[in-house]
Structure formats: structure tokens, C-alpha cells
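Q: I should like to learn how the features of a structural model are read. Where should one begin?

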Amino acid sequence: MNTKSINRLVDATKLAMIVLVACLLVSVIILLVSEQPGVAISSFFLGPFSSLRRIGNILEGAIPLIFTALAVTLIFRAGQFSMISEGAFFIGIMGAMIVGIAMPLPPGLHPLVALLVAGVFGACAAAVPALLKLKWQVSEVVTSIMLNYVIQFFVIYMVNYHFREPEASSLASLKIAESASLPGLVPGTRVHLGLIIALLFSVATWFFVFRMRAGFKIRLVGDNAQFSHYVGIKAPAVMVMAQIIAGAVAGIGGGVEFLGMYTRFKWTASPGYGWAGIAVALLARRNPMLVPLSALFIAYLNVGSGIMARSSDVSSEIVLIIQGVIMLMIAADALLQNWRQRLIVQNATA
Amino acid sequence: MGVFEHILSFQFVAMWLRVATPLIFTSMGAVICEKSGVVNLGLEGIMLSSALAGVMGSAFSGSLFVGVLTGMAMGLALSAVFAYFHLVLKANAVLCGTAINTFAGGFTVFMLEVTTGEKGNSSSLKSLAFGSWDIPVLKDIPFIGDLLSGHNVLTYMAFLMVGIIWYLLYKTPLGLRIRAVGENEDAINSVGISVKRVRFIAIMICGVMASFGGMYLSMGYLNMFVRDMVAGRGFISLAANAMGQATPIGTMLSALVFAFFDGLSNILQLLKIPSEFVQMLPYAATIAGLVAYSIQKTHSTRKKHGLVRV
């Protein structure tokens with residue numbers, strides 16, 4: 001065994017361990033609180049596969065997670081900890097909504113323009129904490145989180161005061177033009193063209209990060225900013241670039257989610273895909289190619305918890321508990337590190 | 001009454017101190033952590049969980065004291081998890097904190113539903129709250145009495161904590177160690193003090209501070225737990241700590257500045273401004289404050305060194 005395959009073995013074991021712990025944790029919590037644990041556990045784990053529509057729910061639930069996780073991947077790869085994916089996604093929804101309602105365009109062109117605008121909005125949002133750090137060394141972590149709140153209220157203001165459906169009693173925007181919607185893919189489900197777009201973005205992001213000069217710079221800067229400085233890379237500029245691209249990806253994700261799944265804007269708060277995207281990105285070990293798989297896993301947990309909440313007495317928030325535990329365990333770099341070390345030493349001395 | 005008359009009233013000062021209390025508590029925790037070289041992004045989640053734990057502890061035992069103990073225990077437990085994963089398992093602090101926050105967001109609503117059947121708030125629980133304190137003699141002095149007396153017990157405690165944390169950091173051996181670990185961990189390692197142990201203690205103290213910040217929200221500011229009631233105050237406390245350069249006094253002043261805008265947003269609700277902009281104000285003010293502080297800092301370093309390091 002060489003070092004590369006040892007790393008792969010240890011990483012795979014760690015991943016399996018995490019998935020196992022997550023599933024065990026779900027079962028234990030259910031056994032503790034539920035009066036009908038059998039129903040709850042089976043609806044959680046098997047429910048998502050019980051019908052075509054529910055399998056569709058997993059696929060369509062993975063779409064927004066793929067986009068935000070790709071954005072998180074780009075930001076983390078550059079060694080930055082901006083949490084702006086959440087806000088970029090939400091403002092992307094608004095961008096797509098404005099084009100969908102206010103700009104009459106032919107089908108085909110309409111969603112394209114809407115997604116473009118969504119991407120630009122997302123990129124602008126992500127540029128703010130990035131540039132503040134570049135220019136004045138303001139920590140991007142806190143500013144991005146604060147900006148997420150600002151964006152949330154701004155978007156709701158825009159819907160409430162400029163695009164609101166006057167007939168509706170609760171907050172809802174006007175209907176978007178039919179020409180702007182993304183077409184469905186599988187009859188009997190709500191899976192839409194966004195899935196293909198998301199997969200294309202995963203491949204493109206992988207290509208960008210691992211095969212292109214700019215992506216190489218991002219990785220270099222993220223791994224060792226000082227070193228990259230000495231080899232003549234303008235590290236601050238690369239960090240800003242990574243965040244702006246990430247913002248665009250998350251913004252487009254918001255647009256895709258909106259145009260694929262909704263005809264009106266109905267959110268009363270930012271939906272949290274940006275935060276969930278962190279868990280997805282970490283689970284995929286910041287590899288864009290693996291992002292769709294880990295997004296499917298998290299989406300599966302989401303769908304399962306939803307079905308369980310409807311068919312038993314356990315609430316769906318259990319899924320956030322698991323997400324938190326998963327994030328903790330993946331982030332734990334030293335987990336299984338001793339084993340890895342031993343294998344490598346054994347291998348070297350053999 | 002116009003906005004300015006409102007701001008100049010005693011009621012505004014009282015409200016200002018009310019919204020400042022959780023920020024002061026939690027930002028003092030952030031100070032201790034930062035001094036030891038740890039950025040604790042999990043403050044938000046610790047506050048939230050302790051807010052619920054305090055409510056539940058007091059509701060089920062009928063005793064405020066037990067409620068406080070439960071809230072503190074919750075803060076300590078989450079801090080211990082944070083510390084274990086960050087210090088022993090070498091997880092990145094930002095990711096660790098985010099994980100704690102994600103966990104807390106789900107855990108609190110989950111527990112709330114298990115115990116009350118509701119997901120929104122704990123109004124069905126008969127939980128206890130901290131009372132206000134009329135300072136004897138002082139309360140009868142005009143003006144000063146109105147200004148200083150009659151606030152929540154925890155508000156006084158929060159200001160007291162600023163002094164205690166200051167004393168702890170600058171006048172005790174533990175404080176010296178905490179500051180030394182943050183300044184130069186190799187140096188402190190070389191004199192035989194465990195860096196991990198010092199940081200662990202700092203994180204635990206921080207957990208107690210954040211748990212009081214959280215408990216104040218559900219057992220003082222309001223009389224019940226409401227889901228997601230912390231609403232970014234943990235992060236704003238971190239911002240206050242950054243703006244106060246991790247000094248207790250400076251951080252308290254920064255927390256008061258941020259709280260001013262929080263209080264202001266309560267008043268502006270009376271005006272005909274879209275409510276979204278009013279709600280946005282505390283967060284926008286935090287960004288503006290951080291930026292203003294950083295600009296000023298960059299200028300002074302530029303002057304000092306004549307150039308900027310990347």
C-alpha cells in the first residue's frame with residue numbers, strides 16, 4: 001500500500017463511521033422520545049424510498065444543497081470562512097423572482113436571464129465581506145453572518161413592498177411568468193432541469209478547482225497563503241475571486257431552486273441551505289465531484305425526517321441535530337489520525 | 001413624541017440596558033476565549049441552548065436556582081464538546097462553532113416539542129424569571145435613582161462581570177496564563193504549562209458567560225423561550241469583542257454601541273419606516289461598526305509601520 005491508498009482507506013473508514021454514528025444517533029433519539037419507535041424509525045430510513053414521488057423529493061431536495069455546497073467548497077478551498085452562501089442563495093432567489101415577474105422574455109431565454117441576474121446578485125453579496133477583508137482586514141466570518149441577516153430582511157422588504165400579491169393574506173409575491181419556469185424532468189415527480197444544471201456545475205467546479213490555473217491558485221492560497229505569496233501569487237486577489245465566484249454559484253442555486261420549484265416567493269426567512277451546504281461540502285471532503293453524493297445523503301435525511309414527523313410523534317428538527325454531529329465529526333481532523341500514522345509508518349518501514 | 005425625545009427618556013436607557021445585557025455577558029466570554037487564542041463561533045448555539053435549559057430547569061423544579069444551574073450545565077456541556085473537538089480532535093474552531101450552532105438550532109426546537117408539544121415557544125411552561133432590583137436608598141434619589149435603579153438583576157451582574165473578567169485576566173495567575181497562551185503558545189509550552197488545559201478552562205468560563213447571556217433572554221428579557229430567540233446576538237458579541245480588541249472595558253463599550261442600535265430599532269418601529277429596515281438595523285450597525293473600527297486600525301498601523309503587511 002502506498003500513502004495515497006492509505007489515505008483513501010482511512011478517509012473512507014472515517015466517512016463510514018460518521019454515517020453509521022449518524023444513523024445510530026437517529027435511532028437512539030427516536031427510541032428515547034417516541035411512543036411508537038418502530039413506525040418512526042422505519043418511516044425515517046425506508047420512507048424516502050417508498051414511492052417515486054418521495055425519491056423525487058430526495059433528488060429535488062439535493063439541488064439547492066449542491067449549489068450552496070459548491071460555493072462553500074470554493075470559499076473554504078481558498079482558506080476563507082465567509083458564511084455568505086446563505087445570503088447569496090437568498091438574494092439569488094430575489095434576482096430570479098424580479099426577472100421572472102417584471103421582464104417579459106421568450107421561453108428559453110427567460111430562465112437564462114433570470115439565472116444570470118441571480119448569479120450577479122449572489123456575486124455582489126459575496127463580494128462585500130471579501131472586499132472588506134481585502135481592504136481593511138475586517139474578519140469575513142462575522143461580517144458575512146451579519147450580512148446574511150441584512151439580506152434576509154432586504155429581500156423580504158422587496159417582496160413585501162414591491163412584488164407582493166395584493167390578494168394574498170400571507171406574504172407571497174406575484175406569480176412569475178410561465179416562460180421563466182424550469183421544465184420538469186420526470187413525470188410524477190417535481191424533479192426539474194435544475195438537477196442537470198447542478199450536476200453540470202459540480203463537474204465544472206471540479207474542473208475549475210483541479211484542472212485550471214485559477215483553481216490551482218485558489219488551492220495554493222488556501223493551503224499556504226505565505227508560500228503562494230513568495231511564488232508571486234497575489235493571495236488577497238485570489239481569495240476575493242474565489243468568494244465572488246462562490247457567491248455567483250450560490251446565487252444561481254437560489255435562482256434554480258426558485259424557478260424549478262416555485263411560482264411565487266413565499267419565504268418568511270432565509271431557508272438555511274447555506275448552512276446546510278457547509279455540512280454537505282465537508283462531507284464531500286471539499287471535492288466538487290463528491291458534492292452531489294453528499295447532497296443526496298443530506299437530502300435523504302431531510303426527506304426521511306419530514307416523513308417521520310408526519311407519520312409519528314418525532315419532530316423533523318432531529319435532522320439538524322444530526323447535521324451538527326456530522327459536521328463536528330468530519331471537522332475533527334485528528335479522528336483516526338493515529339491509525340493513519342501507524343499505517344504510514346508500517347508501510348515505510350516494511 | 002419624536003424619536004429624539006424617546007432616546008432621551010429614562011425608558012430608553014432602561015431598554016438600552018435591557019438589550020445590552022446579553023451582549024455584555026456573552027462578549028465577556030468571547031474576550032476570555034479570544035485572549036487564549038480561540039475564536040468561539042459556537043456562542044450563538046450555547047446561548048440558545050442555555051436559554052431553553054434555564055426555562056426548563058426552572059419550570060420543572062419550580063426553583064430559579066435549579067434553572068440557573070441547568071442553564072449553566074448546558075453551557076458547560078456544549079463548551080466541553082467544543083473544547084474536546086477543537087483542542088483534542090483538532091477540528092477547526094469556525095467549523096466546530098458552526099456545528100454547535102446547527103446542533104443547537106435543532107436540539108432546542110426538538111426538546112421544546114418533546115416537553116411541550118409546541119415548536120414555537122415555551123409559553124405553556126410555568127418557568128421562572130429573574131426579577132428586577134430596586135436599590136435601597138439610591139432609588140429615592142431623583143434622576144440617579146430613575147437611571148440606575150430598578151433594572152434586572154442580571155443587568156447589574158453583567159456589568160459586575162466586566163470587572164470580574166478584567167480582574168481575572170490582569171490580576172490573577174490564571175489570567176496571565178490565558179493571555180500568554182494567546183500571545184505565544186510555544187513560550188508557554190516551554191515553561192511547562194499545558195496550552196490545552198489553559199484553553200479548556202478559558203472555553204469553559206466562556207461557556208458560563210454565554211449561558212447567562214442566553215438565560216437572560218428567556219428568563220429576564222422575555223419570560224419564555226422562543227425558537228431562534230438569540231437571533232445573531234452570539235455573533236454580535238463576537239463583533240463587540242473584535243471591536244473592543246478583546247479588552248473587557250473596550251468590549252463592553254462596543255457591546256453598548258451595538259445595543260444602542262438594537263434599542264433604537266425598538267423605537268423606530270413607531271415610525272412609518274418599513275419594518276424590515278428597522279429589523280435590519282442592529283446587523284447593519286454591527287457591520288458598520290466593525291468596518292469603521294478596522295479602517296481606523298489600518299490607518300494607525302500604516303502610520304506606525306509605514307507599510308501594510310498582506
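A: One may begin with helix packing, for which a definition is needed: axes are lines fitted to C-alpha atoms, for helices over the stretch in contact, and angles run from 0 to 180 degrees between N-to-C directions. The model considered here is predicted. In it, helix 8 (residues 213–223) of chain A and helix 10 of chain A have axes 9 Å apart and pack at an angle of about 110 degrees.

Q: How are helix 8 of chain A and helix 10 of chain A oriented to each other, and why?

A: Angles of 65 to 115 degrees count as roughly perpendicular. Helix 8 of chain A and helix 10 of chain A are therefore roughly perpendicular to each other. Their crossing is left-handed.

Q: Which residues of helix 8 and helix 10 of chain A meet?

A: From helix 8 of chain A come A:Ala214, A:Lys217, A:Ile218 and A:Val221, and these meet A:Ala235, A:Val238, A:Met239, A:Met241 and A:Ala242 in helix 10 of chain A. The contact of helix 8 with helix 10 of chain A has, by class, eight nonpolar residues, one charged and no polar.

Q: At what angle do helix 2 and helix 12 of chain A cross?

A: Helix 2 (residues 37–45) and helix 12 (residues 291–311) of chain A cross at roughly 150 degrees, and their axes come within 7 Å. An angle over 145 degrees counts as roughly antiparallel. Helix 2 and helix 12 of chain A are therefore roughly antiparallel to each other, and their crossing is right-handed.
On the side of helix 2 of chain A the contact is made by A:Val39, A:Ala40, A:Ser43, A:Phe44 and A:Phe45, and on the side of helix 12 of chain A by A:Gly304, A:Ser305, A:Ile307, A:Met308 and A:Ser311. The residues of this contact divide into six nonpolar, four polar and no charged.

Q: How many helices and strands does chain A have, and why does it count as compact as a globular protein of its length?

A: Chain A has 14 helices and zero strands. To judge compactness, the radius of gyration is set against the value from the globule rule. For chain A the radius of gyration is 21 Å, close to the 20 Å that the rule gives for 350 residues, so the chain is as compact as a globular protein of that length. Taken along the principal axes, the C-alpha atoms of chain A fill a box of roughly 75 × 60 × 35 Å.
Buried residues make up 53% of the 350 residues in chain A. Of the contacts in chain A with a separation of 6 or more, 78% are between residues 24 or more positions apart.

Q: What does the same reading give for chain B?

A: The secondary structure of chain B comes to 13 helices and two strands. Its radius of gyration is 20 Å, close to the 19 Å that the globule rule gives for 310 residues, so chain B is as compact as a globular protein of that length. The C-alpha trace of chain B spans about 55 × 50 × 45 Å along its principal axes.
In chain B, 50% of the 310 residues count as buried. Among its contacts between residues at least 6 apart in sequence, 72% join residues at least 24 apart.

Q: How is an interface described, and how many residues does each chain give to the contact?

A: The size of an interface is often given as the accessible area lost when the parts come together. Here a residue count is used: the contact takes 43 residues from chain A and 43 residues from chain B. The elements of chain A that give two or more residues to the side touching chain B are helix 5 (109–136), helix 6 (140–162), helix 10 (235–261), helix 11 (273–283) and helix 13 (318–331). The largest share of that side, 14 residues, comes from helix 6 of chain A. By class, the side of chain A that touches chain B has 33 nonpolar, eight polar and two charged residues.

Q: Is B:Ala242 buried or exposed, and why?

A: A residue is buried if 20 or more other C-beta atoms lie within 10 Å of its own. B:Ala242 has 25 C-beta neighbours inside 10 Å and therefore counts as buried. B:Ala242 is placed in helix 11 (residues 233–243) of chain B. Apart from neighbours within four places in sequence, B:Ala242 is in contact with A:Ser139, A:Val142 and B:Leu290.

Q: Where is A:Leu336 found, and what is its phi?

A: A:Leu336 is found in the loop between helix 13 and helix 14 (337–349) of chain A. Its phi is near 65 degrees, a positive value in a residue other than glycine. With 15 C-beta neighbours inside 10 Å, A:Leu336 counts as partly exposed.

Key: Residues are numbered from 1 along each chain as its sequence is written. Chains are lettered from A and ligands numbered from 1 in the order in which they are written. This is a predicted model: local features need pLDDT of at least 70, side-chain atom pairs count only at pLDDT 80 or more; totals for chains, interfaces and linings use all residues. Helices (H or I, at least four residues) and strands (E, at least two) are DSSP runs, numbered from the N terminus. Angles under 35 degrees count as roughly parallel, over 145 as roughly antiparallel, 65 to 115 as roughly perpendicular and the rest as oblique. A crossing is left-handed if the near helix is turned anticlockwise from the far one by less than a right angle, and right-handed if clockwise. Two residues are in contact if their C-beta atoms, placed from the backbone, lie within 7 Å. Ala, Val, Leu, Ile, Met, Phe, Trp, Tyr, Cys and Pro count as nonpolar, Asp, Glu, Lys and Arg as charged, and the others, Gly among them, as polar. The radius of gyration is taken over C-alpha atoms; the globule rule is 2.2 Å times the number of residues to the power 0.38. A residue is buried if 20 or more other C-beta atoms lie within 10 Å of its own, exposed if 12 or fewer, and partly exposed in between; C-beta atoms are placed from the backbone.
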